[in-house]
Amino acid sequence: MGTHVTINLFLTGTELILSKGAMNPVSKLVLIDGNSIAYRAFFALPLLSNSSGVYTNAVYGFTTMLLKILEEEKPTHLLVAFDAGKTTFRHKDYQEYKGKREKTPVELSEQLPLIKEVLDAFGIRHFEMENYEADDIIGTLANLAEKQQVETLIISGDKDLLQLVRDHVHVLIPRKGLSDTVRYDKKAVDDRYGLTPEQIIDLKGLMGDPSDNIPGIPGVGEKTALKLLHQFSSVEEIIAHIDQISGKKLQEKVREHQEQALLSKKLATIYCDVPLEMNIDDLIYTGYHLEKVLEIFKRLEFKSLLERFAKDSDEAAVIDVKEVKYMMATEDNLEQLAPFFQLERLAVFVEATAENPHRAEAIAFALSNGEESVYIPVSLALHWPEFQEWLADPNRSKVVYDSKKSKILLENMGLDIHGMQFDVLLAAYLLDPSETQLELSDVTDKYLGHILPSDEEVYGKGAKRQILEGEALAQHLARKAQAIYQLCPVLQQEIESAGLRSLLHELEMPLALILAEMEQRGVKVDQDRLHELGEELKKTLDQLTEEIYDIAGTEFNLNSPKQLGEILFDKLGLPVLKKTKTGYSTSADVLEKLAPQHEIVEKILHYRQVGKLYSTYIEGLKKEIGADGKIHTQFHQTITATGRLSSAEPNLQNIPIRLEEGRRIRQIFVPSEEGWYMLAADYSQIELRVLAHLSEDAALQKAFQEDQDIHTQTAMDVFGVSKEEVTPLMRRQAKAVNFGIVYGISDFGLAQNLNIPRKEAKTFIDRYFATYPGVKRYMDEAVEKARRDGYVTTLFNRRRYLPDIHSSNYNVRSFAERTAMNTPIQGTAADIIKFAMLHLDKEMKEKELKSRLLLQVHDELVFEVPEDELDLMKQLVPEIMEGTISLSVPLKVDIHYGKNWYETK
DNA sequence: GCACTCACG
DNA sequence: ACGTACGTGAGTGCC
């Protein structure tokens, strides 16, 4: 009615305007189906969110796709069309249109306004229109463009849009994910379907589309529909020649549903006469607004994109990274700089040749008072007594980033550092231990804004990494030192208000110094024994390889899960019990189930086991032995989300112990001095004891107060039997339940672990909670707290944020709930052993013991001890570890010693 | 660089 | 119906 009049008037108008726009020729038009691409992006990426909990995955995916289009297609004109409202003119014909479609998840719909903000920042037109879908807007413009012979590209995740393909109009569709795309012109449509673009409508009329609730003809899928169309060319023609359709059943179906097919075709037809009050010239793309782009990327925390834009642009430096004032210390101006050292507080940063301080050398220092910086090359630092005295003076405060690394680098060049009063890295970690981006530039971006370019930006990445020299290096280090100084008050404030002051100053910062000492001491390696074990394992490995090839009847790469899967499942026909994303699963739990069916499986399992020992623990460890015959691991203090340490280069927290064959690896770890002993002290059941304390469950507390074997006790309670009646199987199952409880139990997880039906697992859990109701209450409260506060805490107030606790995705939410249950337990245990390390270190220094702490393995401490301190340490270590913290249940420490780590059992 | 597998608590 | 046990680091294959 009125609509049609408008359209006619409008089209005339458009053509007039188009001809007027000849000064700005449209050489390439890109039309994007906004909702469809946002939808694709949302499901292609994990549910990312920025630090304020705003979901950003769809925005990110959309933006990267947009950037790719701008770069590759270089459009002169651009529009992103969105769907408006809930109903369209199509609902008049068919009320159920899109009826069964799942509601767009809130996590996605709340990102649409952000996508529009990004488009605004890029100066890209976006548009939506009451009663019409994005398709219709795109179709209308594409038709106009075709008339004008304007080269046009439509981008959508929806194949329906292929009906719009014309000589000048092409369609780009992401294949899977976002990066892989297919481009359709007329020929490509014909190659793919054997149809013209117009016939795509007929195709959908016949097939229907469940996602839009378009019925089509029931039972007709793509294959049948294509066959019919190749024969009759359109829905109307098919209906006109129903009796010529081959196959009686099909004929029946078409006859019965012909009206429905015609309606479906109508619904699938993109409406190309939308009364748009715009023309193609209005869609001109003139480039993005840098400041706006940087602002929104910063807000969304799109770091990689930020860097890309900051780097590509000359203006970026002006906008963001200011030059910093600095002086370069030289032989001649030392006196001039001396007053600097009288300041109450200075930031100090030391740059090194590599990440790992045990294999790096210091290059230069930078000091800052927040406004001015001083750059000091190492060569100068080494003979500048005033500087060295300042470093070593505990009464002159230093602010640092990474005190552990700084201390190691300095000590390796013979310098002492004391008075590190604030560690920016540790503070940032405690404020959010889930944060994986903790480089200085990341911390600065987060708390101060972009005033410091990242090392990667300045030095380059990977093989291209090249530490600068001269002024460029001085400027960068001056910026770093200034950033550290300026971060201090900001982080201090944050730490204070989060109640993390004592955790930072009385736990993590002093611990960093102890860890530095442990790393520097290193652990001595018995290299003869290492070679011996290596030879032995190699022999076993060769023999197993030969036997496996023999049984398989062919040689293949045993280390390739892909090739192994082909042998086991294709060649030998073993049943496929589990699949991975990419193919057959050949993991140990699968192979163990297959072992009875074929002799080869057991040998493969053994090969895997020995192969792991050889490559990771023989060859791997050999590479890590230093010139001093020792291994110097790094204990990372800011990696885990729970507060535990981690160990790397090499990891000394995962040296084999469970199987005897691997356990012998521990024989290579020996005391560094003749006649000394290795001594290991481990907390017994610390996590369950912590649980007993946190949950205040009377029965669990009683079990520990009476020092019962906890797994046997759990078996008695859960199975309702006496101690004597507990079978080894019952104890094993009870043990798995206890593990499950600590991990935040689910019947599914327990069932998988015990290889029992899920129902049975559920019974175990129900009985457990009936026996220990306090534990049940604690678990519920932990989840409740996470929902209420957004985070959970340990006994010592270490916190971990759990934004996913509110997710509408069951899996994501469940994971967060289990984390809410597990983190206070694992984290409190981590806090306790850290405190114990502090107390032990203090005690050992006061007593002037020669014994040394070497390793921490989560619930275990490993020392090297001279023979004459053995008795003392055997008594002192458990006493301090058990007495560090007083809980409602006792802590218990077991102690072992021997001539190497293996013997400490 | 990612997927898979496996070593530890 | 969904479909994971919690926390790590390292070696290998393969794109």
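This report walks through a predicted model of a protein chain with two DNA strands.

## How to read the model

Residues are counted from 1 along each chain as its sequence is written, while chains are lettered from A and ligands numbered from 1 in the order in which they are written. Because the model is predicted, local features need pLDDT of at least 70 and side-chain atom pairs count only at pLDDT 80 or more, whereas totals for chains, interfaces and linings use all residues; side-chain values use heavy atoms, with hydrogens and water left out.

## The protein as a whole

Let's start with chain A. Its secondary structure comes to 39 helices and 23 strands. Both are DSSP runs numbered from the N terminus, with at least four residues (H or I) for a helix and at least two (E) for a strand. Along the principal axes, the C-alpha atoms fill a box of roughly 105 × 80 × 55 Å.

Of the 905 residues in chain A, 52% are buried, meaning under 20% relative accessible area with a 1.4 Å probe, protein chains only. Chain A exposes about 42200 Å², and carbon and sulfur atoms supply 49% of that area, which comes from the Shrake-Rupley method with a 1.4 Å probe. Among contacts (heavy atoms within 4.5 Å) with a separation of 6 or more, 67% are between residues 24 or more positions apart.

## DNA strand B

There are 23 residues around DNA strand B, and Thr586, Arg608, Lys612, Ile657 and Asp859 come nearest. A residue is near a strand if one of its heavy atoms lies within 4 Å of it. These residues divide into 7 nonpolar, 9 polar and 7 charged. Here Ala, Val, Leu, Ile, Met, Phe, Trp, Tyr, Cys and Pro count as nonpolar, Asp, Glu, Lys and Arg as charged, and the others, Gly among them, as polar. Helix H29 (residues 599-622) gives the most to this surface, with 3 residues.

Which part of the DNA does the protein meet? Of the strand B atoms within 4 Å of the protein, 76% belong to sugar or phosphate and the rest to bases. Polar contacts (pairs of N or O atoms within 3.5 Å) show both kinds of partner. A polar side-chain atom of Thr580 is 3.0 Å from a phosphate oxygen of strand B, and for Thr582 a side-chain N or O atom is 2.9 Å from a phosphate oxygen. The side chain of Lys612 has an N or O atom 2.8 Å from a base oxygen.

## DNA strand C

DNA strand C is surrounded by 37 residues, with Ser560, Ser646, Glu649, Asn811 and Phe815 the closest. Sugar and phosphate make up 63% of the strand C atoms within 4 Å of the protein. The surface near this strand has 11 nonpolar, 20 polar and 6 charged residues, and its largest share, 7 residues, comes from H38.

Three side chains give us examples of polar contacts. Ser646 places a polar atom 2.7 Å from a phosphate oxygen of strand C, Arg818 has one 3.2 Å from a base oxygen, and Gln826 has one 3.2 Å from a sugar or linking oxygen.

## A closer look at helix H32

In helix H32 (residues 698-705), Leu700, Gln701, Ala703 and Phe704 are buried. Seen down the helix axis, the buried residues fall within an arc of 155° (taken from the directions from the axis to the C-beta atoms), so they line one face of H32. They pack against helices H31 (686-695), H33 (710-719), H36 (758-771) and H37 (773-789).

At the N-terminal end, Asp697 caps H32, with a side-chain oxygen 3.0 Å from the backbone nitrogen of Ala699. After the helix comes Asp707, whose phi is positive, near 55°.

Technical notes
Polar contact = N/O pair within 3.5 Å; in protein donor to acceptor, adjacent residues only side chain to side chain. Buried < 20%, exposed > 50% of the residue type's maximum accessible area, 1.4 Å probe, protein only.
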